[in-house]
Amino acid sequence: VLHPGKMEETLRQLIQLGPSGHLDTVKFKQQVLFQEAVQLLSASIESRRSSPVTLCAEKAAEYLRCHYKEDITAKELGDRLSFHPVYIARCMQQEYGCSPMEYLLRYRIEQSKLLLLQTDYSIERIAEEVGFNQTPYFSSRFAEVEGISPRRYRQRFSHR
């Protein structure tokens, strides 16, 4: 965990050495302080990465990416990950800024964009391929996220 006081003190000492940076002893001290600051940041990142909230959010995101073609409910996600759906939603909101179902929607849209540009599949087939049961719902959600319809997206960006 990053100790703000320790980091501030290290950076303050490093800055104070600035004007006399030409002296060999000062350069060594700068190097030591810089390494200390990097270690503090690294420890902070590692502790954040392994926090229960981060791990839960990453597990949920990974599950959603692997199963995006399937019908997935919040309850099923909770059952699969052995976490309460509300806890998963809170973790994902904190880590990704969206709910699990919003994450799933955005991932499906990203996958559909690839199919629109890389295949000649019909819009109906693409909707099916990325986990939408109804083409009109897919088209409306795609337009909501991207600002244009899937058909227009293909016309505008496809170089085929």
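How many aromatic pairs does the structure hold? It holds eight. The model is a predicted one.

**Two ring pairs**

One of the aromatic pairs joins Tyr 96 and Tyr 103. The pair is tilted, with 55 degrees between the planes and 5.2 Å from centre to centre. Tyr 96 has 35% relative accessibility, so this residue counts as partly exposed. Tyr 103 has 14% and therefore counts as buried.

Phe 142 and Tyr 153 form another pair, and this one is edge-to-face. Their ring centres are 5.5 Å apart, and their planes meet at 75 degrees. Phe 142 belongs to helix α8 (residues 135-146), while Tyr 153 belongs to helix α9 (residues 150-157). The pair therefore ties together parts that are eleven residues apart in sequence. Phe 142 counts as buried because its relative accessibility is 0%. Tyr 153, at 9%, counts as buried too.

These two rings also belong to a cluster. Ring pairs link Phe 142 and Tyr 153 with Phe 132, Tyr 137, Phe 138 and Phe 157.

**Charges over rings**

Which residues lie over the rings of Phe 132 and Tyr 121? The table gives both.

| Residue above | Ring below | Distance from ring centre |
|---|---|---|
| Arg 108 | Phe 132 | 5.7 Å |
| Arg 125 | Tyr 121 | 3.6 Å |

Arg 108 lies over the face of its ring partner, Phe 132. For Arg 125, the charged end sits over Tyr 121. Phe 132 is also part of the ring cluster.

**Helix α6**

Helix α6 covers residues 100-118. Its 19 residues should span 27 Å at 1.5 Å a residue. The end C-alpha atoms are 27 Å apart, so the model agrees with that expectation.

Which residues of α6 are buried? They are Pro 100, Tyr 103, Leu 104, Leu 105, Arg 108, Ile 109, Gln 111, Ser 112, Lys 113 and Leu 116. Tyr 103 is thus a buried residue of α6 and a partner of Tyr 96 in the tilted pair. Arg 108 is buried in this helix and lies over Phe 132.

What covers these buried residues? The cover includes α3 (52-66), α4 (74-81), α5 (85-96), α7 (123-129), α8 and α9.

Glu 110 also has its place in α6. Is Glu 110 buried or partly exposed? At 39% relative accessibility, Glu 110 counts as partly exposed. Along the chain, Glu 110 and Glu 146 are 36 residues apart. Their C-alpha atoms are separated by 9.8 Å.

Note on methods: Residues numbered from 1 in each chain as written. Predicted model: local features only at pLDDT ≥ 70, side-chain atom pairs only at ≥ 80, totals over all residues. Heavy atoms only, no water. Phe/Tyr/Trp six-rings, centres within 6.5 Å; stacked < 30°, edge-to-face > 60°. Buried < 20%, exposed > 50% of the residue type's maximum accessible area, 1.4 Å probe, protein only. Helix = DSSP H or I, 4+ residues; strand = E, 2+ residues; numbered from the N terminus. Lys NZ or Arg CZ within 6 Å of the ring centre and 35° of its normal. Expected span 1.5 Å × (residues − 1). Contact = heavy atoms within 4.5 Å.
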